[in-house]
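Colleague: I should like to request a close look at a single part of this model. Please treat its packing and its charged contacts together.

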Amino acid sequence: MQRLRDRWRTIGLLVGGLALVVTLGAQLILLVPTTYTATSAVALRPLTAEQSADSIEMQAHEFGVTLGAKESAAEVLAEVAPDRPPQVAVTATRDPGTATIRIAVSSTNRDVAVDVANGLAERAEELGGTDQMAQVVVAVRAGAAGVTSGPPRRLYFAALVALAALLLAGGLYRIRERTP
């Protein structure tokens, strides 16, 4: 009778400990803020057939540096969310071998990420309006459907539950092996 009582006490401690670990893990997963990333793209098109692809690509690189600058993002963010703007991170990368610039904006607010990405694309179009070598056009506008978010909470929860199930199975096996 004492062995059975000890066995159930050990099982109770195992289950209670795993419940505590799962609860703490779930809280940590929920505390990580969701980050939304919206992407827009602009393309530079030569105005004349004499323009070399290299010069257009170099100009695209310059536009990428300008659009990726913190100052450019701050100006657009001030227009989009003037009252209390959230933090945003902007990256502007040129697709290799092309004159296309992808503008990715990450924020904790989905709408602000979309608006800033589109605002930077429009800013590029404005800056390119007086250019004598290339025409700057918005190739892709960011939209709510194309916004990605992270972290992948469902995956983290599934991993947490799977780990807890494995630990429970292993613990129960060890308890069974110890008690006759």
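Against which elements do the buried residues of H3 pack?

Modeller: The model is a predicted one, and what follows should be read accordingly. The buried residues of H3 pack against H2, E2 and H4. Those residues are Ser72, Ala73, Val76 and Leu77. Viewed along the axis of H3, they fall within an arc of 130°, so they line one face of the helix. The general geometry of helices is relevant here: an α-helix has 3.6 residues a turn, so residues three or four places apart point the same way. The other side of H3 carries Lys70, Glu71 and Glu79, which are exposed.

Glu79 leads from the packing to the charged contacts. Its relative accessible area is 56%, so Glu79 counts as exposed. The side chain of Glu79 meets that of Arg123 in a salt bridge, with N and O 3.0 Å apart. Arg123 belongs to helix H4 (residues 110-127) and Glu79 to helix H3 (residues 70-80), so this pair ties together parts that are 44 residues apart in sequence. The partner in H4 falls in another accessibility class: Arg123 is buried, with a relative accessible area of 15%, whereas Glu79 is exposed. H4 is thus named twice for H3, as an element that the buried residues of H3 pack against and as the helix that holds Arg123, the salt-bridge partner of Glu79. Salt bridges that share partners also bring in Glu75, joining Glu75, Glu79 and Arg123 into one network.

The other two elements packed against H3, namely H2 and E2, are themselves linked by a charged pair. Glu57 and Arg94 form a salt bridge through their side chains (3.6 Å, N to O). Glu57 lies in helix H2 (residues 53-68) and Arg94 in strand E2 (residues 88-94), so the pair connects parts that are 37 residues apart in sequence. Arg94 is partly exposed, at 31% relative accessibility.

A further salt bridge joins Asp95 and Arg102, whose closest N and O atoms are 3.3 Å apart. Asp95 is buried at 18% relative accessibility, while Arg102 is partly exposed at 37%. Over the whole structure, the search finds 6 salt bridges, among them the pairs Glu57 with Arg94, Arg123 with Glu79, and Asp95 with Arg102.

In summary, H3 has buried residues that line one face and pack against H2, E2 and H4, and on its other side the exposed residues include Glu79, which forms a salt bridge with Arg123.

Key
Residues numbered from 1 in each chain as written. Predicted model: local features only at pLDDT ≥ 70, side-chain atom pairs only at ≥ 80, totals over all residues. Heavy atoms only, no water. Salt bridge = Lys/Arg side-chain N within 4 Å of Asp/Glu carboxyl O. Helix = DSSP H or I, 4+ residues; strand = E, 2+ residues; numbered from the N terminus. Buried < 20%, exposed > 50% of the residue type's maximum accessible area, 1.4 Å probe, protein only. Arc of directions from axis to C-beta. Contact = heavy atoms within 4.5 Å.
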